[in-house]
Amino acid sequence: MRHFGIHAETVIKNANIITIDSNMPKASSLAISGGKFIGIGNDTLCDSLIGPETKVLDISGKTVLPGFIDSHIHVLNSGIRHVMAADCDLPSIPLIQQALKNRIKETLPNGWIQGFKFDDTKTQERRFLFRSDLDSVSTDHPIMVAHRAGHIYYLNSAALAAANFNDDTPDPPGGRLGRDPDTGSLNGVVYERAIEPIRFGLIPDETPEIRQRGLVTICKMLNQVGLTSVHDARVIQTEFEAYQNGLDNGELTLRVYALMYHPYFEALKHAGIKTGFGNEFLRIGGIKMIADGAIAGRTAYLSEPYIGSDCDHGILAMSQEEIERNVIDMHNAGFQVCIHANGDLTIDMVVDAYIKAQKLNPRTDPRHRIEHCSLVNPDILKKMQESSTIATPFCTYVYHHGEKMPFFGEERLKWMFAQKSFLDYGITSTGATDYPPGPFEPLLGIQSCVTRTDSSGKTWGPEQKISVEDALKLYTLNGAYASFEENIKGSITEGKLADLVILDKDPNAVDPHTIKDITVERTIVGGNTVYEK
């Protein structure tokens, strides 16, 4: 469409534009003004919008896509960890111990030492950390290391004592304390909700300065891989304040849909706030709860035991009654409900609660979500389709966590991360990584969905392969739909927010096993370049 008398601020021409808009799937030029797309079409059309002040980018046939959206990622919390915790994504336990020791010099006397991104299956020892491993780092400082999956933690003796955990402490509801199989004494491994007294009571809050440094750090990391919008999957009060500060001072270069951690629900409800409150950069999203364990940590709650076990079905973190009570209350208050559920038993409980809440109080288009929704079956899929429940499956897991897939087995993998089944049943699913548990690069997630092949070349669940076109939609328009924002972003459409990514190659035109190697040349948010190679 020609906008007579209007000159664009920026025109991109000579481009391979994949719009993700069915009305105009391809274009060669686009124009931006006021942070929105004002023209899309051929070079001649957009040339008419060039004025004396227009910035013209001739990109020589490179590919343009809508900005990528990660619909389940731990954003600010990860940024904070990158600033203040030891990165334990290392190949051996001695190297991890040294990384933790290096934090001591930066820690106040008797202060907590933290580590994150530990992954037992990626170490030479291929085992968990135990209290004895961490006691060798320090017996004066309490130490807490988080598994990359985020649902298992490792404590030294000082941290166990600080939490008043001892050999006689019973397993708390929704959690478990790891024990030595021979002596029954605590071994320092803490599962699921058993960590809550430490995470939300004993560990001091980060300073506002560290939170702001974390925000700048993570924004740069995510912009660099083409992300323009994120659904932060568990936001607490201090983090939301940091986002507001970042928005005010220009440091927030991602659009954030904040899934608020469920303890804040009552305060939000009593303040009259509902899902959607905010602006184009920072918006209150759904309420986040956790109903079972993790895939990478092998604690998801499954109907059949894990391979190699006769009785280990994982951990259920919420009872059916607790799930239903919370869902109904949040649904009635006008919120989108976003429940972490990995195992088939847990997913079934959650979708039943959504159906019950809608039956008791019909709402127009509530778009409740199942976060991860990892293992499904035809009955679950039918219920999700009928209730219009959204799925946010892991997209980088097959590639990155291939060594963990044998714990689930070939048969179950036919129904895990089931993007093809979601498509077949008409269920909206998204692109999501859950970083830190999964790598955050969208192009890696797209490749993993298309090939279902891990880093060693092994294919898992080929029945769930999808096309590049469908995978791109997961990371763009479907992500916008999951936050009620499909009318303002997710495609390159006139009038929508000018969020885009420029790639050096077309994902449709390369060997699908090399999609992850495509270079992000530039990331633009609202017409402004936030990353340039």
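## Two helices that cross

Let's start with a pair of helices: α10 and α11 cross in a right-handed way (the near helix is turned clockwise from the far one by less than a right angle). The model is predicted: local features need pLDDT of at least 70, side-chain atom pairs count only at pLDDT 80 or more, and totals for chains, interfaces and linings use all residues. Residues are numbered from 1 along each chain as its sequence is written, and side-chain values use heavy atoms, with hydrogens and water left out.

Helix α10 covers residues 320–332 and helix α11 residues 344–360; they pack at about 40°, with axes 9 Å apart. That angle makes α10 oblique to α11 (neither under 35 degrees, nor over 145, nor 65 to 115). Among the residues in contact (heavy atoms within 4.5 Å) are Ile323 and Val327 of α10 and Ala353 and Tyr354 of α11.

## Salt bridges

The whole structure holds 33 salt bridges (a side-chain nitrogen of Lys or Arg within 4 Å of a carboxyl oxygen of Asp or Glu). One of them joins lysine 382 and glutamate 386 at 2.5 Å, N to O. These two residues sit four apart in helix α12, so about one helical turn separates them.

Glutamate 403 pairs with lysine 404, their closest N and O atoms 2.7 Å apart. Is lysine 404 buried or exposed? Lysine 404 is buried, at 1% relative accessibility, while glutamate 403 is partly exposed at 24% (buried is under 20% relative accessible area, exposed over 50%, partly exposed in between, with a 1.4 Å probe and protein chains only). Both belong to a salt-bridge network with Asp119 and Lys122.

Technical notes: Axes are lines fitted to C-alpha atoms, for helices over the stretch in contact, and angles run from 0 to 180 degrees between N-to-C directions.
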